[in-house]
Amino acid sequence: MRSPASALRRGSRWTVSAATAAALLLGGAGVSGASGAAASGEPHGPVSGVPGAVRLAEFTWEKVTEAVSPDGRKVYLVLTDVVGGRQGVYLSTVDTQTGTVTARLPLGDPAPYGRPALSPDGHRLYVGVGSAVYVIDTGTNTVKARIAAPEQQLPAGWTPGAATSLAADPDGETLYVGQSGPSGPAGQEQPGRILELSTGDQEFIDQTAVTGHTVNDLAVLPDGSSLYAGTNLDLLRLDIGTGLGTAKVVDLGAKDELALSPDGSFLLALGSVRTYSEGIGLDTGTGKVRFVMKYGSGYFEYHHPAMNADGSRVYLLGGPSYTIPVPLYTFVPGENRFDQSVRLSIPEPYIHALAVGPDGHSLYVTGCVYFDSAKGCFLRTLHI
């Protein structure tokens, strides 16, 4: 952790009170989680998921987000659900070897939430729900803390922004949090911000403003030198070696979904809103755009970019419209082309998330069906 005092340290400190932490520890436990380390005799290294589908919920009216454990044995999913008559945000843990939901953990009342972020060692999971960040012990499936974001300056009657974009730094000492700006009752919006959270002290220690209202995705380089943020207006870069500093615009045009190569040399940023049919490939070393990725003409939308283990392939889902089945596309960054030899599809028409397992051969896709007898949301495991 860096030593200079930050802007938030000079002001008030936002920490979890002892009473709040105690209440969470007593009341936050969910169903007991799956077993931890692999038993003696089991294969070493990341495992592949067993192909198939796992029902997550009968009905969810919000997106489903996901993260995969470093050993590939668990997928963590955040979704709105009703469990035991309680409507709210839940963390569901799926065992990739048995294809079963092994735990459900309540994370508060219905509120906006984002994709969970794992600590580098996989022992902690961070989930942004509303204007707070939940810290979860993955071994015991318990909430260790709920850390509220520092208050935003907002007019009376306005709603604080959601702290839903998360990214941990390589050493696990810092978590970066993207929070949307406040919203007014008549649709007014103010700019969002990026916050820095000390995971050891469990307090926010720095912040910086961004140009857009929403911070949709974050990515940290493996050496911890830079942070990239995709907002509803542009792609931003921040030098984080000595603090958050000022966000600099890398590329104009809403770039809100990011995929970073494992070595950090290459970043893919997808277009959205105004630029459905393109994305950019950025060389993070030079800061130059290697190429513009063209999808086609007209309304041809891609989402959920997921980079494989060596950065040679990016998997995306989407197409001209929501169709059944939803096609999976494979992009080769080094050659700026789509690989037509990989032809997979997803039967659910509404896809919410896509992740590549650490084994490099398992794809974890969450999708939902909102009609007929097949209604429900699923985690679907595919092999590539």
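Trainee: Where is Pro185 found?

Mentor: Pro185 is found in the loop between β11 and β12, where strands are DSSP runs of E with at least two residues and helices are runs of H or I with at least four, numbered from the N terminus. This is a predicted model, in which local features need pLDDT of at least 70, side-chain atom pairs count only at pLDDT 80 or more, and totals for chains, interfaces and linings use all residues. Residues are numbered from 1 along each chain as its sequence is written, and side-chain values use heavy atoms, with hydrogens and water left out.

Trainee: Why is Pro185 called exposed?

Mentor: Its relative accessible area is 69%. Exposed means over 50%, buried under 20% and partly exposed in between, with a 1.4 Å probe and protein chains only. The value of 69% lies over the limit, so Pro185 is exposed.

Trainee: Which residues does Pro185 touch beyond four places away in sequence?

Mentor: Pro185 touches Gly157 and Trp158, contact meaning heavy atoms within 4.5 Å. Pro185 and Gly157 are 28 residues apart in sequence, yet 6.8 Å apart in space, C-alpha to C-alpha.

Trainee: What makes Glu189 count as exposed?

Mentor: Glu189 has 52% relative accessibility. That value is over the limit for exposed, so the term applies. Glu189 is found in the loop between β11 (174-179) and β12 (193-198). Leaving aside residues up to four places away in sequence, Glu189 touches Trp158, Pro182 and His213. Glu189 and Trp158 are 31 residues apart in sequence and 9.2 Å apart in space, C-alpha to C-alpha.

Trainee: How do you know that Cys368 and Cys377 form a disulfide?

Mentor: A disulfide is a pair of cysteine sulfur atoms within 2.5 Å. The sulfur atoms of Cys368 and Cys377 are 2.1 Å apart, and the pair therefore satisfies the definition. The structure holds 1 disulfide. Both Cys368 and Cys377 are buried.

Trainee: Why is the disulfide of Cys368 and Cys377 called right-handed?

Mentor: The torsion about its S-S bond is about 110°, so the disulfide is right-handed.

Trainee: Which residues touch the most other members of the largest nonpolar core?

Mentor: Leu77, Leu91, Leu107 and Ile136 do, out of 29 residues in that core. A nonpolar core is a set of buried Ala, Val, Leu, Ile, Met, Phe, Trp, Tyr and Cys residues joined through side-chain atoms within 4.5 Å. Strands that each supply at least two residues of this core include β1 (52-57), β4 (86-95), β8 (132-137) and β29 (376-383). Strand β3 gives the most, with 5 residues. As for Leu107, the residues it touches beyond four places away in sequence include Leu91, Val127, Ile136 and Val143.

Trainee: Why is Thr381 called buried?

Mentor: Thr381 has a relative accessible area of 9%. This lies under the limit for buried, so the name is justified. Thr381 is found in strand β29, and its contacts beyond four places away in sequence are Gly49, Val50, Pro51, Gly52, Leu363 and Tyr364.

Trainee: What is notable about the phi of His304?

Mentor: His304 has a positive phi of about 60° although it is not a glycine. Most residues other than glycine have a negative phi. His304 lies in strand β22 (residues 301-307), and at 17% relative accessibility it counts as buried.

Trainee: Why is Asn336 called partly exposed?

Mentor: Its relative accessible area is 35%. That value falls between the limits for buried and exposed, so Asn336 is partly exposed. Asn336 has a positive phi of about 50° although it is not a glycine, and its place is in the loop between β24 (326-332) and β25 (337-338).

Trainee: How many cavities of 30 Å³ or more does a search of the whole structure find?

Mentor: The search finds 1. On a 1 Å grid over the protein atoms alone, a cavity is a set of points where a 1.4 Å probe fits but cannot get out, and lining residues have an atom within 4 Å of a point. Points are joined across faces, edges and corners, and the volume is the space filled by probe spheres set on them. The volume of the largest cavity is about 30 Å³.

Trainee: How does the lining of the largest cavity divide into nonpolar, polar and charged residues?

Mentor: The lining divides into 4 nonpolar, 3 polar and no charged residues. Ala, Val, Leu, Ile, Met, Phe, Trp, Tyr, Cys and Pro count as nonpolar, Asp, Glu, Lys and Arg as charged, and the others, Gly among them, as polar. The lining consists of Tyr126, Val135, Ile147, Leu197, Ser198, Thr199 and Gln202.

Note on methods. 1 Å grid on protein atoms, 1.4 Å probe; cavity = no way out; pocket = protein on both sides within 12 Å on 5 of 7 lines; lining within 4 Å.
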